[in-house]
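The following note is offered to a colleague who is meeting this structure for the first time. Please read the numbered points with the sequence and the model at hand.

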Amino acid sequence: STAPPLDLNNVQGDSLIGLPKKTQTYVFFQIDDNVKGFRTQLAQLVPLITSAAQVQSHRASIAQNKKTAADKGVPPPLLKLAGVNIAFSHSGLAKLGITDEIGDTAFDGGMLADAQDLGDQGTTSGGTFTPNWIPAFKNPVHGVILISGDSHVTTAATLLEIEKIFAVGTSNATLHEVLRLVGDVRPGDEKGHEHFGFLDGISQPAVQGVDTSPNPGQETVSQGIILLGREGDTVTRPSWALDGSLIALRYLFQLVPEFDTFLKQNPIPGLPPIQGSELLGARFVGRWKSGAPIDITPTQDNPALGADPSRNNDFRYAFPDDPQTQDRCPFAAHTRKTNPRADLEDLSPPISTETRRIIRRGIQFGPEVSAVEAATGKTVQGRGLIFVAYQSNIVNGFQFIQHSWANNTGFPIDKPVTPGFDPIIGQATDPSSRTLSGTNPNAQSNTLALPTQWVVPKGGEYFFSPSIPALKSTLVL
Ligand code: HEM
């Protein structure tokens, strides 16, 4: 390709590096009919967009400050960064009059049209399937503005600034908000853990030339697996799509008290009940709550291992050299389904997983489980994950992982027993029909029936996050 080398000043910050995420606000909007006005106002937003280079140097300053403060024995100063990114759906680009095709059929069709294939629940009438989503996502969403920061005060101030740019609330407004989602990192020791209680955001692919000192076990992918138009992206793209990235955003509710009740009622036999329930949860996810991989520590949690980036991703499901057993980790465990490592890489001939890799961002939403919810085992207040995944190719990435891996009982392929559904995110036409094998290490071909689907999608969309030069040249007026 003739593209100049990657410059992190050109890439929006959330994809390659990740905007700080103590709290994040997602503003979903529709563009009004004054498209020219929108594109003119958009020019004023561009200087606020946080680049990957900015996030990277912010991170470096935080690390330096921590070190200096530790040397002096004082607390580190708070460094504030309000991050802003913007992305557009296919219908949003069309509204702007941009008719070049990005070249991804999932993006082109939008997530609503994909919901049935993803396995979302819904109703069919007159031949049309409508998922059980919230109304905002059943109508066109043209774009999303992501605002991230260290506190609600910071994000609120930034949002106000953005609303001014688009003259929101006046007759000169060119967009209107259709939905606002606010995500917050969970409190205290639960920081970084998703609502079922498991540490998240551990395993990400390293990107060639960007993440130059990967952790042990962390595989490096070509830039074009995440960025359009870079080496490894095999699709022909419009030239202005270079260094953009495609987003799969899912609004996923989690039935936490119901999940906990199931674990409690189905402990793995042969252990004291509490440990048996903990082991079942770990075998559902592929990691203990601390993040420690069960492929490394199969019988008990090891918090020091979970917290150690030099060890917590260094495994392949082939201990000591055989991926054909689920002694340590069920074939259908969430992390094994979504990144099967040796299950594909050790086949002969080997199947590379590189084109299936995604970078996961996103954040938790909703309150902690209340005492009443815990006692009754019934969700009262909505909570879950605003799932956000970046990739250059949604058909190869998110869509494939959800449809052909998590929901596919025969995956990983060529195993001695049928793996079953990913117990965390696997979806079936009849959600109460899900089963998986291998939860009991002492009876690995037994299947366990999962009466409830604990992760419930209530919407989402596919978006294109353009490069900063593309925002300046192609999108604004
Ligand atoms: C890893 C939870 C949805 C793909 C993980 C981990 C947890 C987790 C606890 C382990 C931490 C880590 O390795 O980073 C959840 C929950 C979800 C959810 C609670 C829903 C509410 C999804 C979806 C996908 C997905 C929808 C894609 C279709 C992945 C991938 C990994 C992962 C690719 C990394 C696997 C690896 O490289 O070892 N998830 N996840 N997750 N998840 Fe999810």
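1. Arginine 341 places a polar side-chain atom 2.7 Å from an oxygen atom of the ligand. The structure under review is a predicted model, and the distances and angles in this note should be read accordingly.

2. Serine 203 also approaches the ligand through its side chain: a polar atom there is 2.5 Å from a ligand oxygen atom. Glycine 201 takes part through its backbone instead, with a polar atom 3.2 Å from an oxygen atom of the ligand.

3. Which protein residue donates to the iron atom of the ligand? The single donor from the protein is His334, whose NE2 atom is 2.1 Å away from the iron. Histidine 334 belongs to helix H12, which covers residues 334-338.

4. The ligand has 27 residues around it, and those that come nearest are Ile202, Ser203, His334, Arg341 and Arg360. By class, this shell consists of 13 nonpolar, eight polar and six charged residues. At least two shell residues are supplied by each of strand S9 (245-254), helix H12, strand S12 (384-391) and helix H15 (398-406).

5. Helix H15 deserves a second look for its packing. Its axis and that of helix H6 (residues 111-118) come within 10 Å of each other and cross at roughly 25°. Angles under 35 degrees count as roughly parallel, and H6 and H15 are therefore described as roughly parallel to each other. On the H6 side the contact is made by Met111, Asp114, Asp117 and Leu118, and on the H15 side by Phe398, Gln399, Gln402 and His403. This contact contains three nonpolar, three polar and two charged residues.

6. Two cis peptide bonds should be checked in the model. One joins phenylalanine 319 to proline 320, with omega at about -15°; proline 320 is located in the loop between helix H11 (303-306) and helix H12. Another runs from phenylalanine 411 to proline 412, where omega is near -5°. Proline 412 sits in the loop that lies between H15 and strand S13 (434-437).

7. What backbone angle draws attention to tyrosine 317? Its phi is positive, at about 65°, although the residue is not a glycine. Tyrosine 317 is placed in the loop between H11 and H12, and proline 320 is likewise found in the loop between these helices.

Note on methods: Residues are numbered from 1 along each chain as its sequence is written. This is a predicted model: local features need pLDDT of at least 70, side-chain atom pairs count only at pLDDT 80 or more; totals for chains, interfaces and linings use all residues. Side-chain values use heavy atoms; hydrogens and water are left out. Donors are N, O and S atoms within 2.8 Å of the metal (3.2 Å for Na, K and Ca); water is not among the atoms, so sites may look incomplete. Helices (H or I, at least four residues) and strands (E, at least two) are DSSP runs, numbered from the N terminus. A residue is near a molecule or strand if one of its heavy atoms lies within 4 Å of it. A polar contact is a pair of N or O atoms within 3.5 Å; within protein, one must be able to donate a hydrogen and the other to accept it, and residues adjacent in sequence count only if both atoms are side-chain atoms. Ala, Val, Leu, Ile, Met, Phe, Trp, Tyr, Cys and Pro count as nonpolar, Asp, Glu, Lys and Arg as charged, and the others, Gly among them, as polar. Axes are lines fitted to C-alpha atoms, for helices over the stretch in contact, and angles run from 0 to 180 degrees between N-to-C directions. Angles under 35 degrees count as roughly parallel, over 145 as roughly antiparallel, 65 to 115 as roughly perpendicular and the rest as oblique. Contact means heavy atoms within 4.5 Å.
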